[in-house]
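Please look at the model shown here with some patience, moving from pairs of charged side chains to a helix and then to two single residues in loops.

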Amino acid sequence: MIIDLSVPIETGMPVYPGDPEVEVRPALTVAAEGVNVLGLHLGSQSGTHVDAPYHVGDGLPTLDELPLDRFVGPAEVVDARGLPPRSPIPAALVAPRLRAGTILLIATGWASLWGSEDYLAHPYLTREAAELIVEAGIRTVGIDALSVDPTPAEDFPAHRVLCGAHAVIAENLRHLDRLVDHQGAGHEIEVSLLPLRLRGSDGAPVRAVARVRPRGPHGPHDTCSDPILRKD
């Protein structure tokens, strides 16, 4: 099963306060030019996206300088649902799911508030949690919220700790609640967060997906007939 973890890119979609607004409109049409081509105006942090370390430091690696294995691999999911608005996500909550070399996904449940003002009041990682993640050897972290730090914020401690370790951060994910359920059922979860190849960039939108497979007696079943979940 392949589960789409991305929000659609469309005109007027939510963006981080102060970021460029998103506009998607026809640039060419079949009626006038013989082909349909969309014109896109958006920021590098629009929609479901990844932050490169360069996002918070001029001397840190840009998106195209990172190895591709930062964006693809097995995932562990932290169930942080049920926290009050603007709550810190403590180190103790993430600790049981820390495994070196995996992609750590944090399910807050805030994806259900996408498009509302309440989406900005999401839980966020503490500095201590970010430090524990880095110490565990994890270099990719994703969350189903606008940021791993509070919104708005005067400082970005979780970003600085993670990006300072050359980790990447995926934000505005969705359907992580489904991955919590699959993880609880013992299924194997692999995630792809491959971004647009923007040279010298601080980040880029991604089409984030998860591949979920049941484990057989000798590991996960390998089949080409896995269903694909297309529902938005």
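In this predicted model, a good place to begin is the pair formed by Arg-81 and Asp-79, whose side chains meet in a salt bridge with a nitrogen-to-oxygen distance of 2.8 Å. Side chains of opposite charge can pair when their charged atoms come close. Arg-81 is partly exposed, with a relative accessible area of 36%, and Asp-79 likewise counts as partly exposed, at 35% relative accessibility.

A second pair is made by Arg-215 and Glu-188, whose side chains meet in a salt bridge at 2.9 Å, again from N to O. This pair links distant parts of the chain, since Arg-215 belongs to strand β14 (residues 215-216) and Glu-188 to strand β11, 27 residues apart. The surroundings of the two partners can be described separately: Arg-215 counts as partly exposed at 49% relative accessibility, whereas Glu-188 is buried, with a relative accessible area of 16%. Salt bridges can also share partners, and in this way Glu-76, Arg-97 and Arg-99 are joined into one network.

How many salt bridges does the count come to? It comes to nine, and one of them is formed by the side chains of Arg-199 and Asp-64, at 3.9 Å from N to O. Arg-199 lies in the loop between β11 (188-192) and β12 (203-205), while Asp-64 lies in the loop between β4 (49-51) and β5 (72-79), so this pair ties together parts that are 135 residues apart in sequence. Arg-199 counts as exposed at 76% relative accessibility, and Asp-64 counts as partly exposed at 33%.

Turn next to helix α5, which runs over residues 176-184 and has as its buried residues Leu-176, Leu-179, Val-180, His-182 and Gln-183. Why do these buried residues lie on the same side of α5? They cover an arc of only 165° around the axis, and this puts them on one side of the helix. An α-helix has 3.6 residues a turn, so residues three or four places apart point the same way. The face of α5 turned away from the buried side carries the exposed residues Asp-181 and Gly-184. Among the elements that cover the buried residues of α5 are the strands β1 (2-4), β7 (103-107) and β13 (209-213), together with β5, β9 and β11. Just after α5, Gly-186 takes a positive phi of about 85°.

The loop between β9 (140-143) and α4 (157-164) holds Asp-149, a residue that is buried and yet has no salt bridge. The nearest side chain of opposite charge, that of Arg-160, is 7.4 Å away, which means that it falls outside the 4 Å within which a salt bridge is counted. The side chain of Asp-149 does, however, reach the backbone nitrogen of Ala-158 at 3.0 Å. If its neighbours within four places in sequence are left aside, Asp-149 is in contact with His-122, Tyr-124, Leu-125, Phe-156, Pro-157, Ala-158 and His-159.

Finally, consider Ser-112, which is found in the loop between β7 and β8 (124-125) and counts as exposed at 65% relative accessibility. A polar atom of the Ser-112 side chain lies 3.0 Å from the backbone oxygen of Gly-109. Ser-112 also leads back towards the helix already described, for its C-alpha atom is separated by 10.0 Å from that of Asp-177, although the two residues are 65 residues apart along the chain.

Notes
Residues are numbered from 1 along each chain as its sequence is written. This is a predicted model: local features need pLDDT of at least 70, side-chain atom pairs count only at pLDDT 80 or more; totals for chains, interfaces and linings use all residues. Side-chain values use heavy atoms; hydrogens and water are left out. Helices (H or I, at least four residues) and strands (E, at least two) are DSSP runs, numbered from the N terminus. Buried means under 20% relative accessible area, exposed over 50%, partly exposed in between (1.4 Å probe, protein chains only). Lys and Arg count as positive and Asp and Glu as negative; His and the chain ends are not counted. A polar contact is a pair of N or O atoms within 3.5 Å; within protein, one must be able to donate a hydrogen and the other to accept it, and residues adjacent in sequence count only if both atoms are side-chain atoms. Contact means heavy atoms within 4.5 Å. The arc is that of the directions from the helix axis to the C-beta atoms.
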